[in-house]
Amino acid sequence: MAATLLMPALAGQNANKGQPAQKVPQPQRKGQPQAAPNNHPGEQILLKLSQMTPEERERALSQLPPARRAQLEEGIRNFQKLPPAVQARRLNSLQILNSLPPRKQNEVRRSMNQLNLLPEERRRAINQELRRMYVMPDDERPGYMSTEEFRERFSPEEQRIIGDLAEVLPGRNQ
Amino acid sequence: MTCPLQTEQSDILLDYSAGRLDALKTAALVEHMDNCTACATFRLEQSAVWHALDLWEPAPVSLDFNRRLWQKIDAANAMAPWFQSLRDSLRFANWKPVMPLTAAILVIAAGFLLDHPAARRAAAGVSVNEADQVEQALDDLQLLHQLDAVASPAAGTSKQM
């Protein structure tokens, strides 16, 4: 549902350069209660900035030092270059990440960084496993991760990485 | 626990500062404040206000204060024109006793307005603090590209941010 709502809005951003984009609804994970509107300030401001015209954004960022402003503008532009479906999926994952307690958020970030450092072969194995868990109902995942078969295939560190990343898997309807 | 400042439930923080919160909620809030800079700052500011109020003591009033006061009022009403009465009532010295209380109310109001999301929304530009938050969101989006391949195998080859 979130993807259905997000895609036209995000597509509008790319199509109408120089024009304010349509309102982007908050990404929402199926089955979860909607988060309070101001629960994720960075995400909210980023969405607002990405909906502005370049001139509006320049004005909004005018209080920042030039280097900082350029860095943020580049990050926003790079995000806008992504296909709308990918933007929607990432925003959905970001919303899930921001809904976690701060400590858990940091653990997930650390695991994502650690996944990047793993050898290609192990990274592929973990991605494959996450894909398998992606189609699994949420309440079946812990049981699956405690099976002997699962534990034999992954080291304790890899199991922890998989567990952390499973927390922010985007909704299956994306 | 969800941040009360971000969910516009700052009453719970005010109750905590006033010592009106029950033990269970207090424990949960204290744990939250250990991890939340905004709430920890709010607690510090509230604590400063309460401390200032505790220290403030009204000047003692003499026993015949009321009698002398009414005598003066009667005398003034009988003699002074209206503009002089008005000028007297607006004299700085008359307002001295209420100044600490006024200052305390202003500090509370300023704290509430500054922490209120609506006030932040109204701000025209992006502050340095907000820029940090946007940067964090962009960094997270960058990290989350790893999940593209999971949710959509075809997207695994899409351009990374």
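In this predicted model, A:Tyr144, A:Phe150 and A:Phe154 are joined into a cluster by ring pairs. Counted over all chains, the structure holds two aromatic pairs. One of them is formed by A:Phe150 and A:Phe154, whose ring centres lie 5.2 Å apart. The planes of A:Phe150 and A:Phe154 make an angle of 45°. This pair is called tilted because its angle is neither under 30 degrees, which would count as stacked, nor over 60, which would count as edge-to-face.

Both partners of that tilted pair can also be described by their accessibility. A:Phe150 has a relative accessible area of 0% and is buried. A:Phe154 comes out at 4% relative accessibility, so this residue counts as buried too. The cut-off behind both statements is under 20% relative accessible area.

The cysteines of chain B come next. Over all chains, the structure holds zero disulfides. B:Cys3 is in no disulfide, and the nearest cysteine sulfur, that of B:Cys39, is 3.6 Å away. A disulfide requires two cysteine sulfur atoms within 2.5 Å. For B:Cys36, the closest cysteine sulfur is likewise that of B:Cys39, at 3.7 Å, and this is too far for a bond.

Accessibility can be read for these cysteines as well. B:Cys3 counts as buried because its relative accessibility is 7%. B:Cys36, with a relative accessible area of 13%, is buried. Thus B:Cys3 is buried and in no disulfide, while B:Cys36 is buried with its closest cysteine sulfur too far away for a bond.

Conventions
Residues are numbered from 1 along each chain as its sequence is written. Chains are lettered from A and ligands numbered from 1 in the order in which they are written. This is a predicted model: local features need pLDDT of at least 70, side-chain atom pairs count only at pLDDT 80 or more; totals for chains, interfaces and linings use all residues. Side-chain values use heavy atoms; hydrogens and water are left out. Buried means under 20% relative accessible area, exposed over 50%, partly exposed in between (1.4 Å probe, protein chains only). Rings of Phe, Tyr and Trp (its six-membered ring) pair if their centres lie within 6.5 Å; planes under 30 degrees apart count as stacked, over 60 as edge-to-face and the rest as tilted.
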